[in-house]
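Please open the model in your viewer with the whole chain in cartoon form, and keep the selection tool at hand. The tour goes from the sheet to one chosen residue and then back out to the whole chain.

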Amino acid sequence: MIIIPDIHGRNFWKEAVAGREEDIIVFLGDYLDPYPDDFPDKTADEIWEQTWNNFNDIIEFKKKHPSNVVLLLGNHDLHYIYPKMDDSSRYDYERAAQIKGKFNENKDIFLLAYERTINGKRFIFSHAGIHKLWTADWFGSSVTDKNVVDYMNNGFLANDPSLPRALDQYSTYRGGWESYGSMVWADIREWWSEKPHSSSFGDVQVFGHTQLDDKPINFWNTYYDLDVRRGFLIN
């Protein structure tokens with residue numbers, strides 16, 4: 001099983017999946033809004049061209065391997081899909097309509113969360129981690145440990161009108177007012193004081209979103225942030 005953290009226009013995913021096309025491959029979202037510093041030798045137009053080509057290549061990769069490639073959504077994707085969401089950093093106003101159109105054309109191949117049992121443990125994958133207090137605030141008892149992944153994915157695919165506002169919640173770590181963020185906004189610092197499973201779903205949560213220097217972070221063998229610009233293997 002291959003996990004691909006935040007892309008932001010980078011090419012690293014291609015090497016990570018090469019020769020592994022028959023594995024389950026999970027992309028954790030944030031395909032767009034590149035960091036200019038990652039492309040010091042490129043012009044703004046060249047950075048956009050690479051970002052857009054990567055995004056289209058990932059979509060085609062999913063269509064070519066529909067049963068084993070999973071494309072999750074991050075905050076840098078959803079703010080194009082849901083115009084009323086607050087814009088994340090590096091939002092591309094000039095190309096927003098083009099990006100939104102691409103997402104709308106391919107909405108049925110994207111998800112908010114994915115789960116899989118590995119060695120008897122239930123792994124839940126999302127962009128930033130799913131906090132029980134967040135789901136309780138917005139969805140009450142409708143969301144349980146058993147149905148959380150299906151609930152979020154079904155709400156997205158059915159255009160649940162309450163979902164965009166819920167997904168737009170972010171904590172003081174990200175300039176908001178809440179103690180915890182949504183499943184596409186939660187900061188890794190919101191998890192480091194959490195004891196295993198106290199506010200989590202499943203047995204293990206794997207996410208990206210909070211960019212790290214060069215090493216992934218693991219709290220309690222329960223919360224894993226992999227946003228370090230390379231792919232990971234779960235064996």
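Before the first selection, one term is needed: two strands are said to pair if DSSP finds at least two bridges between them. Please keep in mind throughout that this is a predicted model.

**The sheet.** Begin by selecting the 5 strands that form an open sheet, which follow one another in the order β4-β3-β2-β1-β10 with mixed pairing. Colour β4 (110–111) and β10 (232–233) separately, since these two stand at the edges; each has a single partner strand, so one side of each is left without a neighbour in the sheet. As background for what the viewer draws here, strands of a sheet pair through backbone hydrogen bonds, either parallel or antiparallel.

**A parallel pair.** Next, select strand β1 (residues 2–4) together with strand β2 (residues 25–27), which run parallel and are joined by 3 bridges. Which residue of β2 does Ile2 stand opposite? Show the side chains at this point, and you will find Ile25 facing Ile2 across the pair.

**The helix across the sheet.** Now add helix α2 (residues 44–64), which lies across β2, β3 (69–72) and β4. If you look along β3 for reference, helix α2 runs at about 135 degrees to that strand.

**A closer look at Asn218.** Move on to strand β8 (residues 217–219) and select Asn218, which lies within it. Is Asn218 buried, partly exposed or exposed? Buried means under 20% relative accessible area and exposed means over 50%, so Asn218, with a relative accessibility of 35%, counts as partly exposed. Displaying its side chain along with that of Asn221 shows a polar contact of 2.8 Å between the two. Then add Tyr223 and Tyr224, with which Asn218 is in contact once its neighbours within four places in sequence are left aside. For a distance to check in the viewer, pick the C-alpha atoms of Asn218 and Val206, which are 12 residues apart along the chain and separated by 9.3 Å.

**Back to the whole chain.** Finally, clear the selection and zoom out to the full chain, which holds 7 helices and 10 strands. Its C-alpha atoms fill a box of roughly 45 × 40 × 35 Å along the principal axes. A compact globule of 235 residues would have a radius of gyration near 18 Å, and the 17 Å of this chain agrees with that. Buried residues make up 56% of the 235 residues, while the accessible surface comes to about 10900 Å², of which 48% belongs to carbon and sulfur atoms.

Conventions
Residues are numbered from 1 along each chain as its sequence is written. This is a predicted model: local features need pLDDT of at least 70, side-chain atom pairs count only at pLDDT 80 or more; totals for chains, interfaces and linings use all residues. Side-chain values use heavy atoms; hydrogens and water are left out. Helices (H or I, at least four residues) and strands (E, at least two) are DSSP runs, numbered from the N terminus. Contact means heavy atoms within 4.5 Å. Axes are lines fitted to C-alpha atoms, for helices over the stretch in contact, and angles run from 0 to 180 degrees between N-to-C directions. Buried means under 20% relative accessible area, exposed over 50%, partly exposed in between (1.4 Å probe, protein chains only). A polar contact is a pair of N or O atoms within 3.5 Å; within protein, one must be able to donate a hydrogen and the other to accept it, and residues adjacent in sequence count only if both atoms are side-chain atoms. The radius of gyration is taken over C-alpha atoms; the globule rule is 2.2 Å times the number of residues to the power 0.38. Accessible areas come from the Shrake-Rupley method with a 1.4 Å probe; for residues, only the protein chains shown count as cover.
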